[in-house]
Amino acid sequence: MIQDSPLFISKVRISDKLLAKLAHRNFDNKLFIKDGQRKRDVLKFLGESYNLEDVSGEKNEILNLTVSTYGILDDLSNGKSYHDVANCIFVERKNGCVIYSGSINLCAGHWDNKESWVTDEGEKIDFLELRNSVRAGNDEGKNPENHARCMRP
C-alpha cells in the first residue's frame, strides 16, 4: 500500500512461461488504484509486460516510479532473446493520474519544489503545466482512463 493514497502495488503472475524464465521471475509488481469495489491497473497503457521496480517520493504529492517494460525479441540469427527498457513515470498520489513519462534518465534528479523536478542533466519539469496539459487531453491525457483519473480532485 502507498501511504495516504488509493494506489497500491500488487504482485501479478507472469502468464508466459518462457517470458518468466527469461525475466528470472514469476511475478511482476503492478500499480493499481482502488475504484469503488474494483481495482484498475494504472499503468495498463504500457502493455501486459511491465514491472514496477521502484517508487520514490513517499512524502510528495507526486510519486516518481521506475518501471521496466520487457519482452522477447525474435532474432533470425540468434533465436529468441529477452529485452527490457527502463522508464521513469510521474504519478499523482491522490488519484493515480500519470502526469509524465519518459526515459530512465528523468528519474535521476531532485525536487525543486512540490510542483517541479530538476534532472541531474539540468532539465526542469513543471508538473503544474504538465497536469494542465493532461487535463486538456494532451500528452498522457490522450489515454481516456488516465484522463478521467486526472480530472478527479
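Which residues does leucine 65 touch, not counting residues up to four places away in sequence? This report on a predicted model starts from that residue and then turns to the strands and rings.

## Leucine 65 and the nonpolar cores

Leucine 65 touches Leu31, Leu43, Leu52, Asp54, Val55, Asn87, Cys88, Ile89, Val91 and Cys107, with residues up to four places away in sequence left out of the list. Leucine 65 is also one of the residues that touch the most other members of the largest nonpolar core, which has 15 residues. The others named in this role are Leu7, Leu31, Val42, Leu43, Val67 and Ile89. Strands S2, S4, S5 and S6 are the elements that give two or more residues to this core.

A second core, separate from the largest one, has 13 residues, including Ile99, Trp117, Val134 and Cys150. In soluble globular proteins, nonpolar side chains tend to be buried together.

## Strand S5 and its partners

Is strand S5 largely enclosed or largely open? Strand S5 covers residues 62-75, and 10 of its 14 residues are buried, so the rest of the structure largely encloses this strand.

Strand S4 (residues 50-56) pairs with S5 in the antiparallel sense, over 6 bridges. In this pairing, leucine 52 is opposite valine 67 in S5. The hairpin of S4 and S5 has 5 residues between the strands, and glycine 57 there has a positive phi near 95 degrees.

Strand S6 (residues 79-92) also runs antiparallel to S5, and 14 bridges join the two. Leucine 63 faces valine 91 in S6. A hairpin of 3 residues connects S5 to S6.

## Aromatic pairs

The structure contains 7 aromatic pairs. A pair of aromatic rings is described by the distance of the centres and the angle of the planes. Phenylalanine 8 and phenylalanine 32 form a stacked pair, with 5.8 Å from centre to centre and 25 degrees between the planes. Phenylalanine 8 belongs to strand S1 (residues 7-13) and phenylalanine 32 to strand S2 (residues 27-35), so their pair ties together parts 24 residues apart in sequence. Both phenylalanine 8 and phenylalanine 32 are buried.

Elsewhere, ring pairs link Phe90, Trp111, Trp117 and Phe127 into a cluster. Trp117 is also among the residues of the second core.

## Charges over rings

Two tyrosine rings have a charged side chain over them. Arginine 25 lies over the face of tyrosine 70, at 4.9 Å from the ring centre. Lysine 30 has its charged end over the ring of tyrosine 50, 4.0 Å from the centre of that ring.

Definitions and conventions. Residues are numbered from 1 along each chain as its sequence is written. This is a predicted model: local features need pLDDT of at least 70, side-chain atom pairs count only at pLDDT 80 or more; totals for chains, interfaces and linings use all residues. Side-chain values use heavy atoms; hydrogens and water are left out. Buried means under 20% relative accessible area, exposed over 50%, partly exposed in between (1.4 Å probe, protein chains only). Helices (H or I, at least four residues) and strands (E, at least two) are DSSP runs, numbered from the N terminus. Two strands pair if DSSP finds at least two bridges between them. Rings of Phe, Tyr and Trp (its six-membered ring) pair if their centres lie within 6.5 Å; planes under 30 degrees apart count as stacked, over 60 as edge-to-face and the rest as tilted. A charge sits over a ring if NZ of Lys or CZ of Arg is within 6 Å of the ring centre and within 35 degrees of the ring normal. A nonpolar core is a set of buried Ala, Val, Leu, Ile, Met, Phe, Trp, Tyr and Cys residues joined through side-chain atoms within 4.5 Å. Contact means heavy atoms within 4.5 Å.
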